Every structure is written in structure tokens, then in C-alpha cells.
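These are my notebook entries on a single chain. I looked up selected residues, their surroundings and their pairings in turn.

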Amino acid sequence: MTPLATANLSISGMTCASCSGRVERALGKVTGVQRVSVNLATERAHVEYIAPADPVALIAAVSDAGYSASPIEDRQTTSKQQQLRLDKERVALLLAIVLALPLVVPMLLAPFGVHWMLAPWVQFALATPVQFVFGARFYSAAWKAVRAKSGNMDLLVALGTSAGYGLSVYEWARTPAGAMPHLYFEASAVVIALVLLGKYLESRAKRQTAGAIRALEALRPERALQVVNGQEREVPISALRLNDLVSVKPGERFPVDGEVIDGQSHADEALISGESLPVFKQPGDNVTGGAINGEGRLLIKTTAIGAESVLSRIIRLVEEAQVAKAPIQKLVDRVSEVFVPVVLVIALLTLVGWWLVGAATDVALINAVAVLVIACPCALGLAMPTAIMAGTGVAARFGILIKDAEVLERAHDVTAVVLDKTGTLTSGKPQISHLVAFDGNQEHLLQWAGALQRGSEHPLAKAVLEACKDRNLPLASVSASQSLTGRGITGTVDGRQLVFGSQRILDENNLGMAGMTDSARSWEADGQTLSWLIEVGPNPAVLGLFAFGDTLKPGAEHAIQQLTERHISIHLLTGDNLGSAQRVADALGIVDVHAQVLPADKAAMVVELKKTRVVAMVGDGINDAPALAAADIGIAMGGGTDVAMHTAGITLMRGDPLLIPAALDICRKTHGKIRQNLFWAFVFNAVGIPLAAFGFLNPVIAGAAMALSSVSVVSNALLLKTWRPSGGENVL
């Protein structure tokens, strides 16, 4: 199968849902284009294509549809251009308000008995710049829509305000000198000012919804200290290559992903993973570009740069989620295709209807103008993308990466969660759970075992050394150290020949369990690993017993409790033995347990469960990849690995079990905002258009209502930015 190329385009000139739909259709007609998603809120298009399509052909198609497009190559430049455009919109808005305000003052004074009116030539002088200078954007976009044989919001605004302005000029021209004509300059000018206000507030809000992306982009330093032949030199990030050495001073951000070669420090990774506590780093540990180095200088070897870095992948994932469309968007797209033509027909029927019932021409025309103004489908076009942007953005701040908008809809309906054990509910790192010293001195036992294990990378050895470190126990020197394949390790400590290993070393030295038979078997039945420390020689003896077990992650119990309270059934699915799985299940209150299950069988069990439930599978994203792919929603825990990001619908950037219910919660709340926004957008037009058609709304009030509807939809979506995961406060 031919791999798909992708293009991200910045689209300018879109003003409503029908605009984004037209751009999408234009791009979809280009030969070779496979998938298109156009987002009104971000003003971006994401296109997947094969030859003969290319970015030039895509840009030409957008241009033919009446809009402008350009490739997105430099996000910072794009952000600056957006800010510059926002500044220009603010200036135009302020000038339009200054000119329109004197026109509306007489209307505001009339209820108080003050009947005062500006001279016709003054009204004309104030309204004309608003109509044709600050309103020029509407004429330009409307003309492009007409050329493309379609309609959009700008066409409605241009027709409506031009009708009001033209009627005023006509009335002024036919009124005898010295008489005061009935003018509507204030209606056309104020409507344009209100529409400009609405567009400005929308633009500001859209920048806020994209705040998570900008915050992530700001993490990348522009320069780094490259180390060549022991000498440091400052170079641009783009000059670095894989395996280059980079020096990172205290307080600086890591410029690239890398492996620590020299030095010790702590890294503040809160902005990447949401982990609030600094993480200790030493030689051999990995660091992530964008994290902040703590108190020590570190020398790191570059392992990933540019688009392959963890930070770039996170940004790319969030961007793709924000530009994607949820399945419910198809309904909105279908409505948008016919919305503007229907509104034009309704406005024409309003005009004709009022004429037929004997109303004056100006009354019929004003009511038709009100229909055109209030029907602008801005709220409809912004209802979904703003909610998706806000939801995925705030989720990313807490280390929850949502792959696409479809995940938001499916996660809302989850009724069952299938959990892997190791690395998901447990730490995956063995620790000493039971320690028995037969002479009663646990510290000596730990020191002897630690001395034998010094320098070992075995997980059980690390657990012993960690226990020695926690108790501040000095390690004795060891000599004649030798590994016993499959059994353990031996060496001489303090003049005593010691062996640390499995049950086999007892059998080989004809030693019993020294009265520990029942306890040892009980611990082993629970899935714990047993190791013995013995002294060999003329009088071999058992010195002590170590039991190693995996420990529950902090927050695991609270996470299960939250899921249960939401009436979600919990299933534990693991490749470990039944004793180990049952111990974890009992500790967490999980009833449904499946142990010793192979990865392929995990996927089959998930498929079976999907027959009656909507299933979310939670795993580490590597050995659980088949099950993650088989589930309705795959949630990958804690690594941010390539497999996790490509297989799972949701990636949790740190291994905190509390992020599981948090991820489902933000998906549910985002989906709720989408439904609220769509409801109010549809209701607004369903109520507003008939009111305008029957003469209950004049164009000024219709313009204010239209602007208010758009702002309210965006503001409602922005409420998602106040979301916090229950039981956790880690934030970007």
C-alpha cells in the first residue's frame, strides 16, 4: 500500500461552518487526496494524499474556492501572524465603534423623551467608512463565495447591511430639501460593528483554546551548548545531530532528548508529563527535551532531535486531535451545506410576504435584513471545534494526550475498563515485601546481601540495594564474587563465604527452610519471588529469607474507586500467575480476574467483552498493543512510546492510575460541551430566524444577538480550561 503524505495548511478567509465545508469539499476533489479535515476554530486544514496531489495543487484548489492557503512550516511564525492579525482586527473594531456610536445615540435617547437626530449628511459620513472600509472584508469574501457558486456568513452580512445602507441613501435622495428622511444608517453601521466585535472575540477565544500548543512550543530552547573535544560551543538546535554531546547547566531546559553521560541532577518534567515532583537523573537515565534541569550540570548524548523528539510527537498528537472532526460533525456539515441558500430563500419570502400584507417597502426590507443578519451561522461552525480544542488542550496540560475527536465520543460511552497489572496498577519494580533474619539482625542480613549484589543490574539486586540505601546501611567489600547461572551469586564478605539465590542453593547445600516452610509457601502462592542468603563451608547455615513482590502504585485504589462509582465494570487481565493477580485484585476490590493470559489472548478477551459493553483497555502500550488496538478505546500508560501513541487512542504521559478516570472524565465533559454548544447553536437559529421574519427583531438587535451567540458558544467551551483531574493537581 502506498504510504500517505500529509500537508497542514493555514486557511484564511473562513468565517462560518459553510466556509470550512466548502474548503473541505474543494480539497477533497483534488486527485490523490484520501482524507481531509478542515477546522474553522484553528483555521487549518489537515490533508492526507498520494500522487499526483501535492501542496501546490492543494493551495490552488483552496484559492479556486475563494479562500487563501499557505503551508504551515514554522509554528512560531504562524503564531506571530495570528497575533498581528488579531491586533489589526482590534484597531478596525475600535474605529468602527467610534464611528457607529454617534449613529446609535439618538436611538438610545428616544425612550427618555429626547428626540434628536443627526443631519443626514453626518449620518452618511459616519456610516460610509464603516460600510465600505471596515466592512470591505465582508464584500471581498462574499464575492469569492458568489464566484464559487456558494454562500457563507459574509454574503449574508454583505447583503443585509448593503440593503439597509442602500435604503437609507434612497430615502435621503427622494426626500425634499429641508425635510428629515427616515434613515437606517445606524442599523447597517452597528451591525457591521457588532459582527466585527463578535469576530474579534472569537479570534481571541480561539487563541486561548490553542494555549496548550503554544505553551508546549515555548518549551523548546533555540540554542544549545554542544561539547566537541571537551570544549563547549553554543550552536542552534538545528545544528545538533544524533549522538552529539550537549552540556546542560543548572536551571536550563534540556534542548533535546538524550541520555545522561555524566553528572547528577533532578529534572522538572511537569511541563511534559504533568509529574509535579522533580525526577532524579544520573548516568544512564533518559531526559526529555523541554524539561528543566535542576541543581547539577549534566552532560547528555542526543538520542532524538527535531520531529522525532518526545515533545514534537506530543505537539503533533495534540494538533492532530484538535484539527480532527468527531463523527457528529457530519451532521453539522450536512446542515451547513444547505443553510445559507435556505436563509436567502427565507429572507426573500420575508420581503415578499410583508409586501403582500401591505407593509411599507422599508418595513419589508428591514425585516428581511434582520433575517439575513441573525442567521449568520458562526455559532454552528464554532460549536464543536472550540470544545475539542479546549478539551484536548487542557487534557494535554495534565499529561493526557487524546489522539482524535472520535475518541472523545467513544470514551463518553465506556462501560467497562480492562486493566493490565504490571506497570499499570503495580510499579513493575520488585521490592522487598518480607525479610526474615534468623539471628534477628535484619541490618546485617541486608548489608551482606547488598555487598554481594553491588553493581548488579538484576531487578532483585536493585531492590536489595534500594533497601540498603533507604536504611543508610554501608556496604562491606566483597571478594571472589561469582555469578551462579540460574541460581544466584556467591562471594566472600567479612571473611564469610556467602551465597544469595533461589531455592536451588538450599537443595545443593542440603539445607532445609529452617522452619519457614508455611510462610515461604504462602508468599510464593501470592506470586512473590523468594531468595535465600546462606553461609557455605564446613558448617553451612541459612542466614535469612527475602520475599520480593511488586507494589501497588500510589493512587491505584483511588482510581478503581472512582471508576466503580461511575458504574464502570473493572476487569484485571494479566500474564502473571493467578496468585499474584489475585493479591492485587483483592487489595483493590476487583472481582473479575484473568491471569496467565498471552498478549494475543488478551485481544481475544477484549473482543469478546465488546459484544456487550463499550470497552477501554489500559496497558503499557508495548506488550499490550494487540489488546489496545482491539478495544473501543485504547489507553496507553506512562511511556509516551511510539507504540503507545500509534496504537492507543489516549496516551497517559506518566504512570499514574488516577489519570485513567481523569481521561474518561475530560472526554465526557468535552463531549458534553459539544452537545451543549450544538443545542444552543441550533436553537438560536431555530428561534431567531422566525422572530426576525415576523418583525420582532430589528437588524441592530439581530446583529447583537448573532455576535452574542458566537461568543457564548466559545465561552462555554473555554469553561473546560477550569477542569482539574480528581485527586491530582499536576499541571503544565
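**Entry 1. An aspartate in a loop**

Which backbone nitrogen does the side chain of D632 reach? I found that it reaches the backbone nitrogen of V615, at 2.7 Å. I note at the outset that the model is a predicted one.

I placed D632 in the loop between α22 (625-630) and β25. D632 is buried yet has no salt bridge. The nearest side chain of opposite charge is K610, 4.2 Å away. A salt bridge requires a side-chain nitrogen of Lys or Arg within 4 Å of a carboxyl oxygen of Asp or Glu, so K610 at 4.2 Å does not make one with D632.

I then listed the contacts of D632, leaving aside neighbours within four places in sequence. They are R410, K610, R613, V614 and V615. V615 therefore appears both in this contact list and as the residue whose backbone nitrogen is reached by the D632 side chain.

**Entry 2. The strand that follows**

I moved on to A636, which lies in strand β25 (residues 633-637). Is A636 buried or exposed? A636 is buried, because its relative accessible area is 0%. I also looked up the separation of A636 and L401: they are 235 residues apart in sequence, with 9.8 Å between their C-alpha atoms.

**Entry 3. The chain as a whole**

I recorded the totals next. The chain has 25 helices and 26 strands. Of its 732 residues, 52% are buried. I looked at contacts between residues at least 6 apart in sequence, and 69% of these join residues at least 24 apart. The accessible surface comes to about 32,100 Å², and carbon and sulfur atoms account for 57% of that.

I looked up a further pair separated in sequence, D87 and Y200. They are 113 residues apart along the chain and 9.3 Å apart in space, C-alpha to C-alpha. D87 is in helix α3 (residues 75-109) and is partly exposed, at 27% relative accessibility.

**Entry 4. Salt bridges**

How many salt bridges does a search of the whole structure find? The search finds 10. In general, side chains of opposite charge can pair when their charged atoms come close. I examined several pairs.

R223 and E234 meet in a salt bridge at 2.8 Å, N to O. The pair links distant parts of the chain, with R223 in strand β5 (residues 223-228) and E234 in strand β6 (residues 231-236), 11 residues apart. R223 is partly exposed at 42% relative accessibility, whereas E234 is exposed at 52%.

R654 pairs with D656, and the closest N and O atoms are 3.9 Å apart. R654 is buried at 7% relative accessibility, and D656 is buried at 18%.

D665 and R668 form a salt bridge at 2.7 Å, N to O. Why are they separated by about one helical turn? The reason is that they are 3 residues apart in helix α24 (residues 659-693). D665 is buried, with a relative accessible area of 9%, while R668 is partly exposed, with 40%. I noted further that D665, R668 and K669 are linked in a network of salt bridges.

**Entry 5. A nonpolar surface patch**

Which residues form a nonpolar patch on the surface? I found W121, F124, V169 and W172, with about 380 Å² of accessible area together. The elements that give two or more residues to the patch are α4 (120-134) and α6 (153-174). I checked V169 individually: it is found in helix α6 and counts as partly exposed, at 30% relative accessibility.

**Entry 6. Backbone details in loops**

I closed with the backbone. The peptide bond from A51 to P52 is cis, with omega near 10 degrees. P52 lies in the loop between β3 (44-49) and α2 (55-64).

N472 has a positive phi, near 55 degrees, and is a residue other than glycine. I placed N472 in the loop between α16 (459-470) and β17 (478-484), where it is exposed, with a relative accessible area of 67%.

For N510, phi is likewise positive, near 55 degrees. N510 sits in the loop between α17 (503-508) and α18 (517-525) and counts as exposed, at 71% relative accessibility.

Key
Residues are numbered from 1 along each chain as its sequence is written. This is a predicted model: local features need pLDDT of at least 70, side-chain atom pairs count only at pLDDT 80 or more; totals for chains, interfaces and linings use all residues. Side-chain values use heavy atoms; hydrogens and water are left out. Helices (H or I, at least four residues) and strands (E, at least two) are DSSP runs, numbered from the N terminus. Buried means under 20% relative accessible area, exposed over 50%, partly exposed in between (1.4 Å probe, protein chains only). Patches are made of residues with over 30% relative accessible area and no salt bridge: like charges are joined within 9 Å, nonpolar side chains (Val, Leu, Ile, Met, Phe, Trp, Tyr) within 5 Å. Accessible areas come from the Shrake-Rupley method with a 1.4 Å probe; for residues, only the protein chains shown count as cover. Contact means heavy atoms within 4.5 Å. Lys and Arg count as positive and Asp and Glu as negative; His and the chain ends are not counted. A polar contact is a pair of N or O atoms within 3.5 Å; within protein, one must be able to donate a hydrogen and the other to accept it, and residues adjacent in sequence count only if both atoms are side-chain atoms.
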